[in-house]
Amino acid sequence: MMRKNYYHKLACMVLLLMVLLAYQSYTSRDKEPFPDVKFIVAAHVSANLSDFNPNTLNHVQWQKLGFSEKQASTILKYKDILGGKFVSKEQLKKCYAISEEKFAAIAPFVLLPENTLDNPGQPFKNFEKRSISVTGKFNPDLYSEQDWVKIGFSEKQAEAILKYKKYLGGSFVSKEKFKECFIISSDHYSKLEPYLLLPVNTPADFKNSFRNSSFKEKIRYSYFDPNLLDNEGWRALGFSEKQAITIVNYRDRILKGSFKSPEDLQKCFVISSEKFQELKPYIKINAIPDRKQEIKQEKTDFSKTNLNTITFRQLLEFGLDEKSAGSIIGFRKKLGGFVNKQQIMDTYNIDKELVQKLIAIAPLDTTDVPKYSLTEAPEEWLKNHPYFKYSADKIIYYRISNPDDRKIWKLLKLKPEYETRMRWYVK
């Protein structure tokens, strides 16, 4: 009986094992082997890299190396500031868009010498060998490209130095900033430093103040009548474009066309007390009562008055109110001048009926209206011009790698009416 029970249990166990084996075979028949897991370290970009020359890479190729679109743009602009070419790994490393970790990853594959001094075969090979000769103290802010060439720099180097100055805002500001110029080696700087008419250190408020203070040395004051100055006249006295526009508007609109005394000038909020004290000895205001009498007696011949030079007072004389006259003058200043009479009719807040009579009588001379190609237009002009400012960043970006107006127009993909009015100001 016991033996019979033993065999009974053994048979049950065998049967159970067979069921388990069959179930395992059934459930695992469609499974594949578990794949090996390989972890990729984010900073490790060298695995897919091969030797490359950073001077030949375009915007897309820099992105393929792992840089963002903004970083790629910054690297290309930095190269442009250098004169269009990296001459060493040391120079490439200075680009703030390339982190130390990123540079360490790509450095072994960069086809450039380690230092500028080790670069015997590039277009800048005479960079260190050219002798620099300075005869006396000088302000580098006042030097032209030819001046830099005369003291020993090549034309490309001189061009790069001027681009660097423009990058800083139009002035080197200090010896400290001058020394940071990528083109000027430590050897060159040691030769130039004793002769530089610049402060040693950069002002603490440099970022906020350089545009107002950097050209102070250039200004040569002489006697002037503030009632006769236009925008350019005020800019020649050291004011920015916006400040000049504000002063002219203050005179023409608030003071009805003239400053009666130097104190009136002092009240204009864009003229600081320090600036006013500099100007005051040179202010000569003609006798206002006599001038008013003359103005009242003189009548403007509007058939001979150019709509691009017509004044606020003349518009009032024609019969326009101050609001209409101010709108026309303001819009004309933003454009840099009208190129057709329809633009005047499109000005906001004007008496269209009276303006229609004016443009039917007065001529329009467009000779002095500034025009540029898209590749040469100043960035400030593009960003402030009513017709270009909305496309300014795209134009500046596209012309870095496409210095051809026709290609830039195609890339912009503008509405026909927008492109038409922009082309009025393109030469």
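In this predicted model, valine 173 lies in the loop between H7 and helix H8 (175–179). Valine 173 is not a glycine, yet its phi is positive, at about 70°. Its relative accessible area is 12%. That value is under the 20% cut-off, so valine 173 counts as buried.

A positive phi also occurs at lysine 413, again a residue other than glycine. Here phi is near 50°. Lysine 413 sits in the loop between H22 and H23. Its surroundings were assessed by accessible area: the relative value is 74%. Because exposed means over 50%, lysine 413 is classed as exposed. Valine 173, in contrast, is buried.

The chain as a whole was examined next. Its secondary structure comprises 23 helices and 0 strands. The protein chain has 427 residues, and 41% of them count as buried. Contacts between residues at least 6 apart in sequence were also sorted by separation. Of these, 58% join residues at least 24 apart.

Nonpolar side chains tend to be buried together in soluble globular proteins. In this model, the largest nonpolar core holds 43 residues. Within this core, Trp62, Trp148 and Phe178 touch the most other members. Several helices contribute to the core. H3, helix H5 (100–106), helix H7 (155–168) and helix H9 (186–192) each supply at least two of its residues. A second core is separate and has 40 residues. Phe302, Ile350, Trp381 and Leu414 are included in this second core.

The contacts of tryptophan 148 were then listed, leaving aside neighbours within four places in sequence. Its aromatic partners include Phe138, Tyr143, Phe153, Phe172 and Phe178. Tryptophan 148 also contacts Pro140, Ala158, Ile161 and Leu162. Phe178, one of these partners, is itself named among the core residues that touch the most other members.

Lysine 79 belongs to helix H3 (residues 69–81). Is this lysine buried or exposed? Its relative accessible area is 12%. Since buried means under 20%, lysine 79 is buried. Beyond its neighbours within four places in sequence, lysine 79 contacts Asn55, Leu57, Gly84, Lys85 and Phe86.

Two helix pairs were analysed in detail. Two packed helices are described by the angle between their axes and the distance between the axes. In the pair formed by helix H12 (residues 241–254) and helix H17 (residues 322–335), the axes cross at roughly 165°. They come within 11 Å. Angles over 145 degrees count as roughly antiparallel, so H12 is roughly antiparallel to H17. The crossing of H12 past H17 is right-handed. From H12, Val248, Asn249 and Arg253 take part in the contact. From H17, Glu322, Gly326, Ser327 and Lys333 meet them. By class, the contact residues of H12 with H17 are 1 nonpolar, 3 polar and 3 charged.

The other pair consists of helix H21 (residues 392–401) and helix H22 (residues 405–412). Their axes lie 10 Å apart, and the packing angle is about 130°. This angle falls outside the ranges for parallel, antiparallel and perpendicular pairs, so H21 and H22 are oblique to each other. H21 passes H22 in a right-handed crossing. H21 brings Lys394, Ile395, Tyr398 and Arg399 to the contact. H22 brings Ile408, Leu411 and Leu412. This contact contains 5 nonpolar residues, no polar ones and 2 charged.

Tryptophan 424 follows these helices in the sequence, in the segment after helix H23 (416–423). With a relative accessible area of 31%, tryptophan 424 is partly exposed. Residues up to four places away in sequence were not counted among its contacts. Tryptophan 424 touches Val339, Asn340, Gln343, Lys371 and Tyr387. The contact with Tyr387 spans 37 residues along the chain, and the two C-alpha atoms are separated by 9.7 Å.

Aspartate 346 is placed in the loop between helix H18 (341–345) and helix H19 (352–361). Its relative accessible area is 46%, so aspartate 346 is partly exposed. Phenylalanine 331 is 15 residues away from aspartate 346 along the chain. The C-alpha atoms of these two residues are separated by 9.9 Å.

Methods:
Residues numbered from 1 in each chain as written. Predicted model: local features only at pLDDT ≥ 70, side-chain atom pairs only at ≥ 80, totals over all residues. Heavy atoms only, no water. Helix = DSSP H or I, 4+ residues; strand = E, 2+ residues; numbered from the N terminus. Buried < 20%, exposed > 50% of the residue type's maximum accessible area, 1.4 Å probe, protein only. Contact = heavy atoms within 4.5 Å. Core = buried A, V, L, I, M, F, W, Y, C linked by side-chain atoms within 4.5 Å. Axes fitted to C-alpha atoms, helices over the stretch in contact; angles between N-to-C directions. Parallel < 35°, antiparallel > 145°, perpendicular 65-115°, else oblique. Left-handed = near helix turned anticlockwise from the far one by under 90°. Nonpolar A, V, L, I, M, F, W, Y, C, P; charged D, E, K, R; others polar.
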